[in-house]
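Student: I would like to go through this structure and ask how its descriptions are justified. Where should we begin?

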Amino acid sequence: MGIERFIGIDLAWAQGGARVKPNETGVAALDGRGVVIDCGWTSGLEETMSWLAKTAVDGSTLTFVDAPLVVDNPAGQRLCEREVGQRYGRWKVSANSTNQNSPRRAGVLLRELLQDSGWAYDDGRGGPPTGGLVVSECYPYTALVGAWELGYDQERPTYKRRPTRVPTAQWRAVRAEECDKLISHMVGLATADPPLLLSSHPISRRLLDEPSPQRAVDYKHREDLIDALLCAWTAALWYRHGLERCQVLGADSLVPPGCAPTIIAPARPEQRRGSGAS
């Protein structure tokens with residue numbers, strides 16, 4: 001049967017609480033032709049699970065989540081996170097450290113809820129799945145610099161973190177401009193293999209029709225959607241091309257197959273182990 005639906009989740013890492021509303025989570029779903037079946041935002045794990053339940057194709061869905069899903073290290077940084085910096089650092093991409101003392105672990109809870117609901121976590125060390133309800137971890141920054149189609153050959157786009165060279169007073173305007181450039185690069189994925197058709201859904205089409213806002217809350221709203229779409233496209237890329245186009249960061253873990261904390265990341269040849277990147 002294969003995989004028919006590719007879902008991306010830009011998960012809010014903090015769970016929220018009785019008095020604190022969780023941050024928005026960006027969600028997106030593609031079919032094999034790159035058509036955006038649905039996209040938007042959820043708030044909290046319950047809403048995210050509900051959206052997944054109505055959006056996934058039973059027995060044929062691959063979901064990529066931008067959040068740590070397996071955290072088995074008591075302290076320090078996960079191996080997959082260290083390898084992000086080692087292999088993508090030249091492109092100014094690194095990863096936050098996550099361990100069992102980290103307070104923001106909504107990804108672990110999401111994985112556990114999904115597994116209780118019949119999903120399987122897959123660390124990617126055996127290659128892409130052939131079917132089922134499968135969830136894996138990804139990191140959009142590695143897709144932006146690791147997928148040649150997006151055109152970031154030298155450095156990641158500055159649509160999130162302010163570079164020191166940009167004065168604080170100018171940052172919001174610069175960030176919005178960089179985000180618009182990123183969207184224009186994503187438009188080019190319409191002819192990629194696999195494709196992503198931003199214009200195929202009313203919500204994702206707004207990325208093309210409306211300029212990126214400067215107001216912080218509105219900008220974060222847009223950024224979460226962009227990252228969710230990138231996660232979904234990365235899932236499709238992994239399924240379509242496997243280890244030819246992607247690598248599994250953290251693959252040297254000693255835990256049993258299928259259970260390791262890994263990040264599945266698009267990779268150019270020079271970003272792989274043994275290329276001089278690490």
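Tutor: Begin with Ala 12, which sits in the loop between strand 1 (5-10) and strand 2 (24-31). Keep in mind that this is a predicted model.

Student: Why is Ala 12 counted as buried?

Tutor: The relative accessibility of Ala 12 is 13%. Buried means under 20%, so Ala 12 counts as buried.

Student: What is Ala 12 in contact with, leaving aside its neighbours within four places in sequence?

Tutor: Ala 12 is in contact with Asn 23, Glu 24, Thr 25 and Ala 106. Contact means heavy atoms within 4.5 Å. In addition, the C-alpha atoms of Ala 12 and Leu 45 are separated by 9.0 Å, although these residues are 33 apart along the chain.

Student: Which residues meet where helix 1 and helix 3 are in contact?

Tutor: Leu 45, Thr 48, Met 49 and Leu 52 of helix 1 meet Ala 106, Leu 109, Leu 110, Leu 113 and Leu 114 of helix 3. By class, that contact has eight nonpolar residues, one polar and no charged.

Student: What is the angle between helix 1 and helix 3, and why is helix 1 called oblique to helix 3?

Tutor: Helix 1 (residues 44-55) and helix 3 (residues 106-116) pack at about 40°, with their axes 11 Å apart. Angles under 35 degrees count as roughly parallel and 65 to 115 as roughly perpendicular. An angle of about 40° fits neither range, so helix 1 is oblique to helix 3. Their crossing is right-handed.

Student: What makes helix 6 and helix 7 roughly perpendicular?

Tutor: The angle between helix 6 (residues 202-209) and helix 7 (residues 216-241) is about 115°, and their axes are 11 Å apart. The range for roughly perpendicular is 65 to 115 degrees, so helix 6 and helix 7 are put in that class. Helix 6 passes helix 7 in a left-handed crossing. The contact of helix 6 with helix 7 has five nonpolar, one polar and two charged residues.

Student: How many helices and strands does the protein have?

Tutor: The protein has seven helices and eight strands.

Student: How do you know that the protein is as compact as a globular protein of that length?

Tutor: The radius of gyration is 17 Å, and the globule rule gives 19 Å for 278 residues. The two values are close, so the protein is as compact as a globular protein of that length. Of the 278 residues, 55% count as buried.

Terms used. Residues are numbered from 1 along each chain as its sequence is written. This is a predicted model: local features need pLDDT of at least 70, side-chain atom pairs count only at pLDDT 80 or more; totals for chains, interfaces and linings use all residues. Side-chain values use heavy atoms; hydrogens and water are left out. Axes are lines fitted to C-alpha atoms, for helices over the stretch in contact, and angles run from 0 to 180 degrees between N-to-C directions. Helices (H or I, at least four residues) and strands (E, at least two) are DSSP runs, numbered from the N terminus. Angles under 35 degrees count as roughly parallel, over 145 as roughly antiparallel, 65 to 115 as roughly perpendicular and the rest as oblique. A crossing is left-handed if the near helix is turned anticlockwise from the far one by less than a right angle, and right-handed if clockwise. Ala, Val, Leu, Ile, Met, Phe, Trp, Tyr, Cys and Pro count as nonpolar, Asp, Glu, Lys and Arg as charged, and the others, Gly among them, as polar. The radius of gyration is taken over C-alpha atoms; the globule rule is 2.2 Å times the number of residues to the power 0.38. Buried means under 20% relative accessible area, exposed over 50%, partly exposed in between (1.4 Å probe, protein chains only).
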